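Visitor: I would like a close look at one part of this model, a single residue and its surroundings. Please start there and then work outwards.

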Amino acid sequence: MKPTETDSQVGGVDWSSSNAAATDLSRLDRYRDLYQERVYKPAVVAWSDWRTRFGLLIVGFYVVVALIAALGLYPSPETNQAPRYLLPLENMDYVLGTTATGTDLLALLVHATPEMMLMITSGAIWATGVAVVLGTVAGFKGGTTDRVLMAIADFVMAIPGLPLIMILAIAFTPENPLVLGVLITLNYWAGLGRSIRSQVLTIREQNYVEASRTMGTPTHRIIRKDIIPNLMPYVTVNFVTAARYVIFASVGLYFLGVLPIGAENWGITMYLAYSTAGALYTIEAAHWLIAPMLAILFLSLGLILLGQGMDRVFNPRVRTRLAGESESTAGSEAEDSNASTEIL
Amino acid sequence: MSHYLAKRTARVLFTVYLVATFTFGMIRLLPGGPLTTLRVKLARQGMDPDQINAYIENYQNIRPDATLLEQYQSYMLSVAGGDLGRSISLDEPVTNILAEAVPWTVFVVVVSTVLMFAFAVLFGAMMAYWEGSRFDQALTGVSILSASVPFYVLALLLVYFLGYQYQVLPTGGTTGLAVEKELSVPFVMSALEHAILPVASFTITGMGVQALAMRGNSIQVLGEDYVRVARLRGLADRRIATRYVGRNAILPMYTGFLLLLGFNLGGTIILERIFSYPGLGFYMFKALKARDYPLMMGTFLVITVALVVGAYVADLTYSKVDPRISSGGSNEAY
């Protein structure tokens, strides 16, 4: 017998006692359990994976920078606040150097962060939210509902994203970062919704869903209690992918000079360096173009690492093992089954 | 099968029809624009209103004095007849401009997307095969890095270093200025030379995510029972790798191909601007800057049609690639 089987004696006692105690658990205990299940274990698993660790550190860093900018702890960018065209590290007051108008480059980057974070969050929440709702309803209900919803998704998917955003941006000139985020992911949900639907199609054949249906549980409750929790890993990974799409698209559009210039954005900095200073032809303006590129690169690197590592947080077998409760389970094959067929 | 084909074809036509309607709505909705300016200019020159209307109608396929329904009908009819109006900024029929531009964009997008998939499948399979080795770790790291670079950042870096600083490759255009536009060796060579950088920017940045997806799929398939059975049967490694693992790992990526195609088609707006590559995206950007609505909507319509046709082809071939696909399926309504 395996060593775990000998423990089952203790396990058996535990089982009956915990069953009896379930009714008179104090509220504190319940909160502690909840904390263990929802906060502690995921955190341990997340931290144990270097990808998640670095991802969290990087994204956390950007959040801190956004807070610094929002609270006004770093001087805001102004023209002629410094000599023109300082190179990076030339003057330690302006570490990243300055632009053609004598603006501190670091200040430009720092003050673009809060808007960016808002835009990312609103865009990703919108895209994944709509995709989850429509995908689950279509997949679960089937029949005409499914056909109609998927026909809509197919139509929306057929419209290329960037050109659509550009036309709408001209028509409505949105400046609020929250609105911009939604605009950028306006038709992003379609592809994601389709893949969520196919996930739901397999989940709905499971026995527990069948059981809920026979018991006459209302549809919205089955979707909320049985289906959505099983989708969470997939949704989280795709949330991060959507966030990355928002960064790429928004910076790209600002770089083209298509979106209305309201606040600071890394793309606007790139646009000015590219179109007004000719940063491509001269060495002295190159840092002006490269600094915002690095800002984008690190944020998207952080998001990718987070997405790659997140897969494991939701794998229950890996979770218990790392929290120190079981040594036997969690074969190594389970760790790398990140079959998330994300696109982009 | 033929029933499915008919339904799928009908859907393509319907989608194109809806998008054309959308462009009509947008042209009417968009504020101001050059036509208003043009109208004011003509009126100031003392042209009589009827003539102005005729003039403007020629530009936009829209008669200003007709009812909305009539305008819609005449617009849709002319679009169906291949008349997309006249570009205001370039003063040329939109159809002519786009006919020049479409082949280049399709060339760049298709070549880069296919290359991206070919490399991703190759590297992903290799990573999965030697899972956990140093090779796998290194390549996974590289894939993650490459996925975090937006294609336009790579494009800017490439054009900066290889184009302007070292002047190895051209920085703009589809072919050299001196090259005649005819099917000849110098023409093809020049076209390839001009396409290297745009194709590379798409391919290298898009490869990472696809390779990681392929790696995940392959690892999953490698653990399946039928692969173990195939090994036990003593089948050749080569046969197992291509027919058992490769095929089943690639199939899930096939559907992603479509989304990627759309993403790349839209991305050409930024890409072609950076490389001054006169394709669809290049003209769309020009039209946007000049508020040239006929050209803008024409480009938009053509980009969408290209994507819809791509999706159509991908869908029809999918059932050929995957024999398990049965039309209909068990989709019982709850």
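Guide: What follows starts from one leucine and moves out to its chain, the core, the chain contact and a helix pair. The model is predicted.

The residue is Leu197(B), which lies in helix α8 of chain B, a helix that covers residues 185-222. Leu197(B) has 23 C-beta neighbours inside 10 Å, and because 20 or more are required, Leu197(B) counts as buried. Leaving out residues up to four places away in sequence, Leu197(B) touches Leu158(B), Val159(B), Leu162(B), Gly163(B), Leu169(B) and Phe275(B). Arg273(B) is 76 residues from Leu197(B) in sequence, and their C-alpha atoms are 13 Å apart.

Phe275(B) also leads to another residue. It is one of the contacts of Ala155(B), whose others, neighbours within four places in sequence aside, are Ser201(B), Leu271(B) and Ile274(B). Ala155(B) has a place in the largest nonpolar core, which has 171 residues; Ala155(B) and Val246(A) touch the most other members. The element that gives the most to this core is helix α11 of chain A, residues 219-256, with 20 residues.

Chain B as a whole has twelve helices and two strands. From the N terminus, four helices come before the two strands, and the rest of the elements are helices. Of the 334 residues in chain B, 39% are buried. Among the contacts in chain B between residues at least 6 apart in sequence, 69% join residues at least 24 apart.

Next comes the contact between the chains. Here 44 residues of chain A are in contact with 52 residues of chain B. On the chain A side, the elements that give two or more residues are α5 (105-141), α6 (143-157), α7 (161-172), α11 and α13 (286-313). The largest share of that side, nine residues, comes from α13(A). By class, the side of chain A that touches chain B has 28 nonpolar, eleven polar and five charged residues.

One of these elements, α6(A), also packs against helix α9 of chain A, residues 189-203, at an angle of about 140°, with the axes 8 Å apart. The two helices are therefore oblique to each other, and their crossing is left-handed. From α6(A), the contact is made by Met150(A), Ala153(A), Val156(A) and Met157(A); from α9(A), by Ala190(A), Gly191(A), Gly193(A) and Arg194(A). Five of the residues in this contact are nonpolar, two are polar and one is charged.

Conventions: Residues are numbered from 1 along each chain as its sequence is written. Chains are lettered from A and ligands numbered from 1 in the order in which they are written. This is a predicted model: local features need pLDDT of at least 70, side-chain atom pairs count only at pLDDT 80 or more; totals for chains, interfaces and linings use all residues. A nonpolar core is a set of buried Ala, Val, Leu, Ile, Met, Phe, Trp, Tyr and Cys residues joined through C-beta atoms within 7 Å. A residue is buried if 20 or more other C-beta atoms lie within 10 Å of its own, exposed if 12 or fewer, and partly exposed in between; C-beta atoms are placed from the backbone. Two residues are in contact if their C-beta atoms, placed from the backbone, lie within 7 Å. Ala, Val, Leu, Ile, Met, Phe, Trp, Tyr, Cys and Pro count as nonpolar, Asp, Glu, Lys and Arg as charged, and the others, Gly among them, as polar. Axes are lines fitted to C-alpha atoms, for helices over the stretch in contact, and angles run from 0 to 180 degrees between N-to-C directions. Angles under 35 degrees count as roughly parallel, over 145 as roughly antiparallel, 65 to 115 as roughly perpendicular and the rest as oblique. A crossing is left-handed if the near helix is turned anticlockwise from the far one by less than a right angle, and right-handed if clockwise.
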